[in-house]
Amino acid sequence: MKILVTGAAGSIGRVISPGLTELGHTVVGLDRVPQPDGEGGRWYTLDCTDPDAVAAVFDDQSFDAVVHLAGHPDEASLPDSLSSHVITTAALLDAMRDHDVPRFVYASSNHAVGRTPRSGLPDDLLSVDTRPRPDTFYGVGKVAAEAVMSLYADRYALDAVSCRIGSFLERPETVRHLSTWLSHDDCTRMVEAALTTPAPGFAVLYGISANTRAWWDLEPGRALGYDPQDDAEEHAGSVAPGPHDEAEAAHVGGPFAGAVFERPALDRA
Ligand SMILES: NC(=O)c1ccc[n+]([C@@H]2O[C@H](COP(=O)([O-])OP(=O)(O)OC[C@H]3O[C@@H](n4cnc5c(N)ncnc54)[C@H](O)[C@@H]3O)[C@@H](O)[C@H]2O)c1
């Protein structure tokens, strides 16, 4: 497949771009920062919030799929979160619809459901059928981006897979990560499955490794062909307990569900 990867200069982009290339795909990178030194392949430097700049990429060449990673991976104001996650998604989906690009894979987040309390979850696992329950404006942006994907899947028969990523890291660093970790290799496996699963329509999966202490249900991902191979438990011996472990385990969004992130949605002069 020929795949446009947005946010290709970021931490996930720099792992999955070579990973997808090794699997035989052709990757074209896009980011608002220039191509990192040492990275090969075609590259576009532009901001995905600009629909004209995004459309020009699709006028320039054709693609089989888009993997959308571009976005601010942290809490921000509500307007900035909507711009970073919803406007970028909409600009790409409009261009895909206009150019008949059939598959969109999105880097959503566990923070789309992060305010869900962990107590009372059946089998301690959160399903993908749970109601959207963001823990921050970041999470609101991810929920709204998923809503745009769902709309475009229904209206235009696009396939759109949302990967609610846990903690993408080389290895787990905290006790929470033992539940939420997504290894580098499993991330490439997840994106490959989301790109190639037949006719998913709009679908959601949880982007974590096969962690013994998982908080999220991996079965919807497995049904889409995502077969994670790593388990954070293998690193448990090198993870020291911390003072915030208990608080971070109360909600699936961990620290993002805490009062420290509470603030007004809009800044006033
Ligand atoms: N890293 C994680 O653990 C994690 C967890 C859940 C979700 N995610 C999501 O995955 C995606 C990638 O995360 P990451 O960890 O690689 O982040 P990152 O900050 O390392 O990379 C994001 C990249 O996107 C680019 N970018 C941001 N806004 C852009 C825009 N408007 N137009 C063009 N480029 C833009 C940045 O320049 C950067 O290179 C994000 O959407 C993030 O919300 C990440």
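The following exchange concerns a predicted model and takes up its ligand shell, its helix packing and several single residues.

Reader: Which elements give two or more residues to the shell around the ligand?
Author: The ligand is surrounded by 25 residues, and the closest are Gly7, Gly10, Gly71, Ala107 and Ile165. The elements that supply two or more residues to this shell are helix 3 (78-98), strand 5 (103-109) and strand 7 (167-168).

Reader: How many charged residues does the shell around the ligand have?
Author: The shell consists of 25 residues. By class, 10 of the shell residues are nonpolar and 12 are polar, and the charged residues number three.

Reader: Is helix 3 roughly parallel or roughly antiparallel to helix 4?
Author: The axis of helix 3 and that of helix 4 (residues 137-156) come within 8 Å of each other and cross at roughly 20°. Angles under 35 degrees count as roughly parallel. Helix 3 is therefore, with respect to helix 4, roughly parallel.

Reader: How many nonpolar residues are in the contact of helix 3 with helix 4?
Author: Helix 3 passes helix 4 in a right-handed crossing. Helix 3 contributes Leu78, Ser81, Leu82, Ser84, His85, Val86, Thr89, Ala90, Leu93 and Arg97, while helix 4 contributes Phe137, Tyr138, Val140, Gly141, Lys142, Ala144, Ala145, Val148, Met149, Tyr152 and Tyr156. Of the residues in this contact, two are charged, five are polar and the nonpolar ones number 14.

Reader: How many polar residues are in the contact of helix 2 with helix 3?
Author: Helix 2 (residues 51-60) packs on helix 3 at an angle of about 35°, with the two axes 9 Å apart, and the crossing is right-handed. Pro51, Val54, Ala55 and Phe58 of helix 2 meet Ala91, Leu92, Asp94, Ala95 and Asp98 of helix 3. This contact has seven nonpolar and two charged residues, and its polar residues number no more than none.

Reader: Is helix 1 oblique or roughly parallel to helix 6?
Author: Helix 1 (residues 13-22) and helix 6 (residues 184-196) pack with their axes 9 Å apart, at an angle of about 60°. Angles under 35 degrees count as roughly parallel, and those from 65 to 115 as roughly perpendicular. The orientation of helix 1 to helix 6 is therefore oblique.

Reader: Which residues of helix 6 make the contact with helix 1?
Author: The crossing in which helix 1 passes helix 6 is right-handed. On the side of helix 1 the contact is made by Val15, Ile16, Gly19 and Leu20, and on the side of helix 6 by His184, Cys187, Thr188, Val191 and Glu192.

Reader: Is Gly207 buried or exposed?
Author: Gly207 lies in strand 9. Among the residues that Gly207 touches, leaving aside those up to four places away in sequence, are Cys163, Ile165, Leu182 and Cys187. Because Gly207 has 28 C-beta neighbours inside 10 Å, it counts as buried.

Reader: What distance separates the C-alpha atoms of Gly207 and Val140?
Author: Gly207 belongs to strand 9, whereas Val140 is one of the helix 4 residues in the contact with helix 3. Gly207 and Val140 are 67 residues apart along the chain, and the separation of their C-alpha atoms is 18 Å.

Reader: Is Asp123 buried or exposed?
Author: Asp123 lies in the loop between strand 5 and helix 4. Although Asp123 is not a glycine, it has a positive phi of about 55°. Because 7 other C-beta atoms lie within 10 Å, Asp123 is exposed.

Reader: What is phi of Ala199?
Author: Ala199 is found in the loop between helix 6 and strand 9 (202-207). Ala199 has 8 other C-beta atoms within 10 Å and is therefore exposed. Its phi is positive in a residue other than glycine, with a value near 45°.

Reader: How far apart in space are Ala236 and His177, C-alpha to C-alpha?
Author: Ala236 sits in the loop between helix 7 (219-223) and helix 8 (245-248). Ala236 counts as partly exposed because it has 15 C-beta neighbours inside 10 Å. Ala236 and His177 are 59 residues apart in sequence, and their distance in space, C-alpha to C-alpha, is 9.5 Å.

Note on methods
Residues are numbered from 1 along each chain as its sequence is written. This is a predicted model: local features need pLDDT of at least 70, side-chain atom pairs count only at pLDDT 80 or more; totals for chains, interfaces and linings use all residues. A residue is near a molecule or strand if its C-beta atom, placed from the backbone, lies within 6 Å of it. Ala, Val, Leu, Ile, Met, Phe, Trp, Tyr, Cys and Pro count as nonpolar, Asp, Glu, Lys and Arg as charged, and the others, Gly among them, as polar. Axes are lines fitted to C-alpha atoms, for helices over the stretch in contact, and angles run from 0 to 180 degrees between N-to-C directions. Angles under 35 degrees count as roughly parallel, over 145 as roughly antiparallel, 65 to 115 as roughly perpendicular and the rest as oblique. A crossing is left-handed if the near helix is turned anticlockwise from the far one by less than a right angle, and right-handed if clockwise. Two residues are in contact if their C-beta atoms, placed from the backbone, lie within 7 Å. A residue is buried if 20 or more other C-beta atoms lie within 10 Å of its own, exposed if 12 or fewer, and partly exposed in between; C-beta atoms are placed from the backbone.
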